Amino acid sequence: MTALAPVHGIGLGLRRALMGPLSQCETVPFQFMEVAPENWIPMGGRLGREFRRFTERFPFVCHGLSLSLGGPHPLDFELLAAIKRFLDEHQIRCYTEHLSYCSDGGHLYDLMPIPFTGEAVRYVADRIRRVQDFLERPIGIEHVSYYTPPGGPAEMTELEFIRAVLEEADCGLLLDVNNAYVNGINHGYDPYSFIDGLPGERICYVHIAGHYDEAEDLKVDTHGSAVIEPVWSLLEHAYRRFGVLPTLLERDFNFPDNDTLFAELSRIGDTQRQVEDQARKPDRSSA
């Protein structure tokens, strides 16, 4: 499978708190939007009409929260049926989920890491293939931030595990640059090398977000603050490694005013143009 970018340019995660401020804007510095389908199913009335105005104006992608692809319980095909209807109804360009589990006899309200073992690769890849078959479309998976090592002895690194799942499931990848940075700090690896090792041909699009500094060696992926400079640098590195990719800003709370939010979105575009301009310049190193 080769992941073709389903959208282009700059994206923003649509949250209900943003609907009012954004609806007042005739022009915005982004080209696509993303929602978690679980937060909008079922939906009707005034909220449904407001949401439809956004989906008619922008291309949309979906990023799921609760499939629990690595979980011990059977896949929720009732939820998947509702998601499939949602994807079709709103002409969603791409659907992604987390490479994690979030339920065990009930929802855990957190994204837990899957043990980095060959058995786990086969288990989760089989579930991803079943989801793709049911939805009748390829999906992408996002590598998650995590704060304690997955249970049991690891048989491979996080990067090796992700690559193995992608290959076994033949699915796409949602690259989260902030997760790579946070995990690199928390678990002592180089996020640049991590990104270099990913299969770029499988990347659907990119997430970028802010996080919380719990301690010098503990970062928490909160999506509640501005993107920091090291993460911007890592995003630029990803572009140089794989080419400019569609990139979406996640912000879940502590929403700034439109001017501040739009400035952060515009920086994504500035970074994209800078890398593209440099790529077009002739290489004079051999002259």
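## Helix 6 and its ends

Let's start where helix 6 stops: the helix is followed by G188, whose phi is positive, near 70°. Keep in mind throughout that this is a predicted model. At the other end, D176 gets involved, with one of its side-chain oxygens coming to within 3.1 Å of the backbone nitrogen of N178 at the start of the helix.

In between, helix 6 (residues 177–187) is mostly covered, with nine of its 11 residues buried. Those are V177, N178, N179, A180, Y181, V182, N183, G184 and N186.

## The barrel

What does helix 6 sit against? To see that, take the sheet as a whole. Eight strands close into a barrel, running in the order 1-2-3-4-7-8-9-12 with parallel pairing. Ignoring direction, neighbouring strands of this sheet are turned by 30° against each other on average. Helix 6 packs on this sheet and touches strand 7, strand 8 and strand 9. Its direction makes about 65° with that of strand 8.

Walking along part of the barrel, strand 4 and strand 7 pair in the parallel sense over three bridges, and E97 has I141 in strand 7 as its bridge partner. Strand 7 also pairs with strand 8, again parallel and over three bridges; here I141 stands opposite L173 in strand 8. Next door, strand 8 and strand 9 (residues 203–209) are parallel too, with four bridges, and D176 stands opposite H207 in strand 9.

## Strand 8, covered on both faces

Strand 8 deserves a closer look. Five of the five residues in this strand (residues 172–176) are buried, so the strand is largely enclosed by the rest of the structure.

In a regular strand, side chains alternate between the two faces of the sheet. Strand 8 has G172, L174 and D176 on one side and L173 and L175 on the other, and both faces are covered.

## H143, a neighbour of strand 8

Is H143 buried or exposed? This histidine is found in the loop between strand 7 and helix 5. Its relative accessibility is 2%, so with the cut-off for buried at under 20%, H143 counts as buried.

Which residues does H143 touch, not counting those up to four places away in sequence? The set is E158, I162, L173, L174, L175, D176, N179, A180 and F194. There is a polar link as well: the H143 side chain reaches the backbone nitrogen of D176 at 2.9 Å.

## Helix 4

Helix 4 (residues 118–135) passes a simple length check. At 1.5 Å a residue, its 18 residues should span 26 Å, and the end C-alpha atoms are 26 Å apart, which agrees. Just after the helix, E136 takes a positive phi of about 60°.

The buried residues of helix 4 are G118, A120, V121, V124, A125, R127, I128, V131, Q132 and L135. What covers them? The cover includes helix 3 (77–89), strand 4 (95–98), strand 7 (140–142) and helix 5 (158–169).

## Two nonpolar cores

The largest nonpolar core has 75 residues, and of these L14 and F30 touch the most other members. Setting aside neighbours within four places in sequence, L14 is in contact with M19, L22, M33, E34, V35, W40, F51, F54 and F60. There is also a second, separate core of eight residues, with F32, V61, C94 and L174 among them. We have already met L174, as one of the buried residues of strand 8.

## Two loop residues with positive phi

Most residues other than glycine have a negative phi. D170 goes the other way, with phi near 55°. This aspartate lies in the loop between helix 5 and strand 8, and at 35% relative accessibility D170 counts as partly exposed.

H223 is another non-glycine residue with a positive phi, about 60°. Its place is in the loop between strand 11 (218–220) and helix 8 (229–242). H223 has a relative accessible area of 10%, so this histidine is buried.

Technical notes:
Residues numbered from 1 in each chain as written. Predicted model: local features only at pLDDT ≥ 70, side-chain atom pairs only at ≥ 80, totals over all residues. Heavy atoms only, no water. Expected span 1.5 Å × (residues − 1). Buried < 20%, exposed > 50% of the residue type's maximum accessible area, 1.4 Å probe, protein only. Contact = heavy atoms within 4.5 Å. Polar contact = N/O pair within 3.5 Å; in protein donor to acceptor, adjacent residues only side chain to side chain. Pairing = 2+ DSSP bridges. Core = buried A, V, L, I, M, F, W, Y, C linked by side-chain atoms within 4.5 Å. Axes fitted to C-alpha atoms, helices over the stretch in contact; angles between N-to-C directions.
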